[in-house]
Amino acid sequence: MAAHITTSMKSKSNNNNNNNNNNGGSNGYSSESSSGTNSNSPSPPPSPPKPRLTPTLSQCRRRLRSKTYSFVRREILGSGLNFRRNLRYLLMLLLLYVSGFFMCVGPFSGLLGYASVPGSVYRSHDNFQRLWDDIRFDNSSALQLSSVWKYKRRLKVQKPCPNSTARNQFSIYRSSIMESPGSSGYLIVDANGGLNQQRSAICNAVAVAGLLNAILVIPQFELNSVWRDPSLFGDIYDADHFIDNLKGYVKVVRELPEALMERYDHNISNIPDLRVQAWAPVNYYLGVVHPILRDQGVIRIAPFANRLSMNVPPHIQLLRCMANYKALKFSLPISTLADKLVNRMTERSSRTGGKYVSVHLRFEQDMVAFSCCVYDGGEAEKLEMDSFREKGWKGKFKRKDRVIVPALNRVEGKCPLTPVEVGLMLRGMGFDNNTSIYLASGKIYEAEKHLAPLLKMFPLLYTKESLATPDELAPFEGYSSRLAALDYTVSLFSEAFVTTQGGNFPHFLMGHRRFLFGGHAKTIKPDKRKLVVLLQDMGISWKAFKDEMEVMLTESDRKGMMVPRVRKFNRKTSIYTYPLPECACLQHSNNPTLKLTDSANVLNSYHEPTR
């Protein structure tokens with residue numbers, strides 16, 4: 001290519017009158033034009049193409065190097081342009097993602113207007129003060145507790161539990177999945193969490209022991225860093241009652257035999273933990289856990305919360321029912337005081353025929369801190385909650401991947417309801433100031449400030465502290481699970497139960513009430529997403545708020561009537577929240593070994609308090 005250009009230049013210098021142009025080199029011909037001749041003179045005919053000479057070796061090398069250089073240069077320039085173009089796209093996408101992230105949940109969301117979303121700001125106390133006169137002088141008809149449960153579910157007639165064949169069927173089922181008869185070994189579990197999370201672990205442990213044909217050792221309770229309750233199984237439940245009522249189904253012992261204890265230096269904690277996946281199916285226990293149990297003679301599963309699937313065979317599901325509603329009975333000190341509290345609550349509810357409403361209020365300091373919600377305490381509240389979170393959870397809320405947006409939590413209904421919010425809701429639903437309220441709760445955060453409005457709306461407000469004497473409560477102080485057991489029992493026999501935050505306590509209680517009272521025990525579960533919007537509206541009238549609360553109550557009743565359809569081996573909901581139909585045969589059984597809740601003995605296991 002270079003030699004060709006040089007030859008052309010030489011030809012041009014030797015012919016001054018002619019100018020040869022290679023029209024782009026497209027046709028191999030050159031056209032001549034003379035700058036000194038007349039423009040009208042005809043052009044000479046084109047000259048024939050000159051024969052191409054064979055290039056020399058040096059010319060080929062120079063031409064090859066030139067082509068290679070041009071090609072490489074073009075490739076480098078092209079790849080550079082593509083890289084820069086792709087980099088721009090990547091940067092643009094990253095910028096869009098980051099900006100969208102901050103707009104939705106980032107720390108600058110308040111600056112971008114998120115805090116102005118309806119329901120994102122706590123104004124409930126201000127609204128209470130604005131509406132108090134209307135509430136106080138509201139003379140409209142009150143909701144009658146005697147008819148608070150409008151819907152009477154017509155339950156199907158349940159078949160009684162099998163009498164003499166129940167254990168035989170269970171034995172046949174077990175022998176069909178086990179290689180050899182006899183016990184497979186000992187099962188030890190560590191139940192963690194609070195009262196009802198531990199209860200879940202115990203019931204699941206009974207089911208797993210039955211599944212594996214294992215001997216269950218009385219479960220141990222982990223000392224939880226939040227609950228800080230050192231209680232043992234026998235401090236909360238009647239151990240003898242537990243063992244006796246599971247005889248013939250699952251063998252329960254208080255401790256391991258001496259031979260096994262010697263193997264582990266008389267220290268159960270020396271037994272290696274077997275880590276089991278959450279919601280493990282039956283096949284996992286039979287295929288993975290059972291061989292280990294047979295080889296070692298003992299296994300220890302810790303922690304044991306939610307370690308068994310809800311989808312288990314009917315006979316295993318029945319073990320859960322038996323453990324929860326038959327074998328687990330509160331210890332004598334707890335049940336004795338609980339009976340007294342129920343009786344006293346009934347006596348103080350004389351204006352409503354001995355009927356009362358229980359409210360599970362989760363507005364303790366630890367719950368407020370954990371929720372990361374903002375109320376009306378200003379900077380002092382923020383500093384106090386930050387300090388409590390750091391003390392209780394050691395930097396968990398300061399991780400870089402942890403984004404805290406209080407306004408978003410409130411809009412999504414994740415913030416604990418305050419006492420004044422519960423009071424406004426119940427008064428709006430039609431409960432008047434003659435209604436007796438039992439408050440099932442720990443120590444309320446800033447109780448004097450937050451309980452004052454609720455007491456104005458419901459003067460007949462009681463807690464375990466107000467119903468019991470200091471001497472009666474003294475043995476329970478410092479034991480959160482034992483105190484929760486008192487709240488559980490009093491709430492169990494209330495006419496209506498109000499849940500405000502979720503968790504194991506309301507889920508177990510709702511299921512227990514459904515089981516005991518055939519679906520006729522009312523539970524009020526508010527729509528918190530809707531409620532926070534209404535409570536922030538400083539222009540809403542009391543009548544408009546009441547209309548909305550009546551709609552919410554009706555919707556809560558409708559959802560409370562819904563019983564999930566349970567198909568064989570296809571349960572998706574918790575049997576502890578929805579115990580029917582699997583546990584139904586225990587309700588009115590003629591079998592004395594399974595009899596639990598005939599109308600005459602519903603309260604017998606709780607030392608016969610009056611409902």
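**Exercise 1. Classify D547 by its relative accessibility and place it in the fold.**

Solution. Start with the value: D547 has 35% relative accessibility. Next, apply the cut-offs: buried means under 20% relative accessible area, exposed over 50%, and partly exposed in between (1.4 Å probe, protein chains only). D547 therefore counts as partly exposed. Now locate D547: it lies in helix 22 (residues 542-561). Helices (H or I, at least four residues) and strands (E, at least two) are DSSP runs, numbered from the N terminus. Last, look across the chain. D547 and M429 are 118 residues apart in sequence, yet their C-alpha atoms are 8.3 Å apart in space.

The model is predicted: local features need pLDDT of at least 70, side-chain atom pairs count only at pLDDT 80 or more, and totals for chains, interfaces and linings use all residues. Residues are numbered from 1 along each chain as its sequence is written, and side-chain values use heavy atoms, with hydrogens and water left out.

**Exercise 2. Describe how helix 3 and helix 16 pack.**

Solution. Two quantities are needed. Two packed helices are described by the angle between their axes and the distance between the axes. Axes are lines fitted to C-alpha atoms, for helices over the stretch in contact, and angles run from 0 to 180 degrees between N-to-C directions.

- Geometry: helix 3 (residues 124-136) and helix 16 (residues 447-457) pack at about 30°, with axes 12 Å apart.
- Class: angles under 35 degrees count as roughly parallel, over 145 as roughly antiparallel, 65 to 115 as roughly perpendicular and the rest as oblique. Helix 3 and helix 16 are therefore roughly parallel to each other.
- Handedness: helix 3 passes helix 16 in a left-handed crossing. A crossing is left-handed if the near helix is turned anticlockwise from the far one by less than a right angle, and right-handed if clockwise.
- Residues: H125, F128 and W132 of helix 3 meet P453, K456 and M457 of helix 16. Contact means heavy atoms within 4.5 Å.
- Character: the contact residues divide into four nonpolar, one polar and one charged. Ala, Val, Leu, Ile, Met, Phe, Trp, Tyr, Cys and Pro count as nonpolar, Asp, Glu, Lys and Arg as charged, and the others, Gly among them, as polar.

**Exercise 3. Which residue forms a salt bridge with D133, and which with R344?**

Solution. Use the criterion: a side-chain nitrogen of Lys or Arg within 4 Å of a carboxyl oxygen of Asp or Glu. The structure holds 24 salt bridges.

D133 pairs with R136 at 2.7 Å, N to O. Both lie in helix 3, three residues apart, about one turn of the helix. D133 is partly exposed at 42%, and R136 is partly exposed at 45%.

R344 pairs with E472, the closest N and O atoms being 2.9 Å apart. E472 lies in helix 18 (residues 470-473) and R344 in helix 11 (residues 332-347), so the pair ties together parts that are 128 residues apart in sequence. E472 counts as buried at 18%.

**Exercise 4. Is E495 buried or exposed, and what does its side chain meet?**

Solution. E495 is buried at 14% relative accessibility. Its side chain meets that of K355 in a salt bridge of 3.5 Å, N to O. The pair links distant parts of the chain, 140 residues apart. E495 sits in the loop between helix 19 (480-492) and strand 11 (496-499). K355 sits in the loop between helix 11 and strand 8 (357-360). K355 is partly exposed at 28%.
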